Amino acid sequence: MRLKWMLLLITAIATTAGAQDRKTERLTKMEQRLEFVTRFASEPKSSVPFARSYDFEPLGRHTLLLYESMNRAYLVEIEDFCPDLPTAMAIGVDNKTSSLSAKFDALRIGGRSCQILEIRPVDVKAMKATQKAEREAAKAAKSSP
């Protein structure tokens, strides 16, 4: 009986450690992606035109890439007390007009309203072109002897 409990304890510890490793790995990938996306972001704007949310990509604990369409996106920083962002499956946009404003509008994440602190337009076309070039370069490097 004692051996059974020891095995259960070891399994629980190993499972917890594995989950922590995956969480750390996910956050590291988000940080790397944030560094990449930031290269294509312009200076912060107080307000940008915004009709609707098309998609989003969490890039850390309080930063995300918010797509209005396939070719228009914004790097958005929110208040840092919205811990659900890295694992959010959906978000809502609380804006009263056809624009998105830093300091006035918010995102709904995990039942919380998270104020937008900064909005930076992203050159999606250049970002996608760079991603494609990097993938092709990696593919060529992999296939060359």
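## Arginine 120 and its surroundings

In this predicted model, the side chain of R120 reaches the backbone oxygen of S42 at a distance of 2.8 Å. R120 belongs to strand β8. The residue is buried but forms no salt bridge. The nearest side chain of opposite charge is that of E118, which lies 4.5 Å away. Because a salt bridge requires a side-chain nitrogen of Lys or Arg within 4 Å of a carboxyl oxygen of Asp or Glu, the separation of 4.5 Å between R120 and E118 does not qualify.

Apart from neighbours within four places in sequence, R120 is in contact with T38, A41, S42, E43, P44, A73, Y74 and L75. Of these residues, L75 stands opposite R120 in the strand pairing.

## Isoleucine 119

The adjoining residue I119 is also found in strand β8. I119 is buried, with a relative accessible area of 0%. Once neighbours within four places in sequence are set aside, the contacts of I119 include E43, P44, K45 and V48. Y74 and L75 are also among them, as are L100, S101 and A102.

I119 may further be related to I78, which is 41 residues apart from it along the chain. The C-alpha atoms of I119 and I78 are separated by 9.1 Å.

## The sheet as a whole

Strand β8 is part of an open sheet of 6 strands, arranged in the order β2-β3-β4-β8-β7-β5 with antiparallel pairing. Strands β2 (residues 55-58) and β5 (residues 92-94) stand at the edges. Each of these edge strands has a single partner, so one side of each is left without a neighbour in the sheet. From one strand to the next, the twist averages 35°.

Helix α2, comprising residues 124-143, packs on this sheet and touches β3 (residues 63-69), β4 and β8. The direction of helix α2 makes an angle of about 110° with that of β3.

## Strand β4 and its two partners

Strand β4 spans residues 72-78 and pairs with strand β8, residues 112-122, in the antiparallel sense over 6 bridges. Within this pairing, E77 in β4 stands opposite E118 in β8. Strand β4 is mostly covered, as 5 of its 7 residues are buried.

On its other side, β4 pairs with β3, again in the antiparallel sense and over 6 bridges. Here L64 stands opposite V76 of β4. A hairpin of 2 residues joins β3 to β4.

## The edge strand β2

Strands β2 and β3 run antiparallel and are joined by 4 bridges. The bridge partner of D55 in β3 is Y67. These two strands form a hairpin with 4 residues between them, and G60 in the turn has a positive phi of about 145°.

In a regular strand, the side chains alternate between the two faces of the sheet. Strand β2 displays such an alternation: F56 and P58 point to one face and are buried. D55 and E57, by contrast, point to the other face and are not buried.

Conventions:
Residues are numbered from 1 along each chain as its sequence is written. This is a predicted model: local features need pLDDT of at least 70, side-chain atom pairs count only at pLDDT 80 or more; totals for chains, interfaces and linings use all residues. Side-chain values use heavy atoms; hydrogens and water are left out. Two strands pair if DSSP finds at least two bridges between them. Axes are lines fitted to C-alpha atoms, for helices over the stretch in contact, and angles run from 0 to 180 degrees between N-to-C directions. Contact means heavy atoms within 4.5 Å. Buried means under 20% relative accessible area, exposed over 50%, partly exposed in between (1.4 Å probe, protein chains only). Lys and Arg count as positive and Asp and Glu as negative; His and the chain ends are not counted. A polar contact is a pair of N or O atoms within 3.5 Å; within protein, one must be able to donate a hydrogen and the other to accept it, and residues adjacent in sequence count only if both atoms are side-chain atoms.
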